Amino acid sequence: MQQPDPLGEIDDLVDEASACRIIGGKNSPIHRSTLWRGISAGRYSKPLKVGPNTNRWRRLELIACLEKAAAARDIGPG
């Protein structure tokens, strides 16, 4: 009998470079300063502080930000 993975329900945490690739795409990731401007503007989720100089983002939260932007694009201006 296979034991359940204790971390299986926790979504992946990604570093800054990976967050930029998730948002901008693998072939043309956004610049890190664009990521931080988007966080300040409320477009992207804030990172989790996992150490004094270490930030991580939840992959699913970043994907949700992209889906929200796509939904807003599809609806268009009121």
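Select Glu16 to begin: in this predicted model, glutamate 16 has a relative accessibility of 21%, and since burial would require a value under 20%, the residue counts as partly exposed. Keep Glu16 displayed and add Arg32, with which glutamate 16 forms a salt bridge whose closest N and O atoms are 2.6 Å apart. This pair links distant parts of the chain, because glutamate 16 lies in helix α1 and arginine 32 in helix α2, 16 residues apart. Arginine 32, at 49% relative accessibility, also counts as partly exposed, given that exposed means over 50%.

Now widen the selection to the two helices that carry this pair, taking residues 16-24 for helix α1 and residues 32-41 for helix α2. Their axes come within 9 Å and cross at roughly 80°, which makes α1 roughly perpendicular to α2. To see where the helices meet, show the side chains of Glu16, Ala19, Cys20 and Ile23 on the α1 side, and those of Arg32, Leu35 and Trp36 on the α2 side. Sorted by class, this contact of α1 with α2 has 5 nonpolar residues and 2 charged ones, with no polar residue.

Next, hide the helices and turn to the sheet. Which order do the strands take? The sheet is open, has 3 strands and runs β1-β3-β2, with antiparallel pairing. Strands β1 (13-14) and β2 (48-51) stand at the edges, where each has a single partner strand, so that one side of each is left without a neighbour in the sheet.

Follow β1 across to strand β3, residues 54-58, and you will find that 2 bridges join these antiparallel strands. Selecting Val14 together with Trp57 shows one point of this pairing, for valine 14 stands opposite tryptophan 57 in β3. On the β2 side, 3 bridges join β2 to β3, and these strands also run antiparallel. Here the residues to pick are Leu48 and Arg56, since leucine 48 stands opposite arginine 56 in β3. If you then trace the backbone from β2 into β3, you follow a hairpin with 2 residues between the strands.

Return now to the charged side chains. How many salt bridges are there in the model? The count comes to 4, and among them is the pair of glutamate 16 and arginine 32 with which the tour began.

For another, select Arg58 and Glu61: arginine 58 forms a salt bridge with glutamate 61, and their closest N and O atoms are 3.8 Å apart, a separation that satisfies the criterion of lying within 4 Å. Both ends of this pair count as partly exposed, arginine 58 at 36% relative accessibility and glutamate 61 at 29%.

Moving on to Arg73 and Asp74, you will find that arginine 73 forms a salt bridge with aspartate 74, the closest N and O atoms being 3.0 Å apart. Are these two residues buried or exposed? Arginine 73 is exposed, with a relative accessible area of 60%, and aspartate 74 likewise counts as exposed, at 58% relative accessibility.

For the last stop, select helix α3, residues 59-75, and within this helix pick lysine 68. Lysine 68 counts as exposed, its relative accessibility being 63%. Add arginine 43 to the view and draw a distance between the two C-alpha atoms: lysine 68 and arginine 43 are 25 residues apart in sequence and 9.2 Å apart in space.

Key
Residues numbered from 1 in each chain as written. Predicted model: local features only at pLDDT ≥ 70, side-chain atom pairs only at ≥ 80, totals over all residues. Heavy atoms only, no water. Axes fitted to C-alpha atoms, helices over the stretch in contact; angles between N-to-C directions. Helix = DSSP H or I, 4+ residues; strand = E, 2+ residues; numbered from the N terminus. Parallel < 35°, antiparallel > 145°, perpendicular 65-115°, else oblique. Contact = heavy atoms within 4.5 Å. Nonpolar A, V, L, I, M, F, W, Y, C, P; charged D, E, K, R; others polar. Pairing = 2+ DSSP bridges. Buried < 20%, exposed > 50% of the residue type's maximum accessible area, 1.4 Å probe, protein only.
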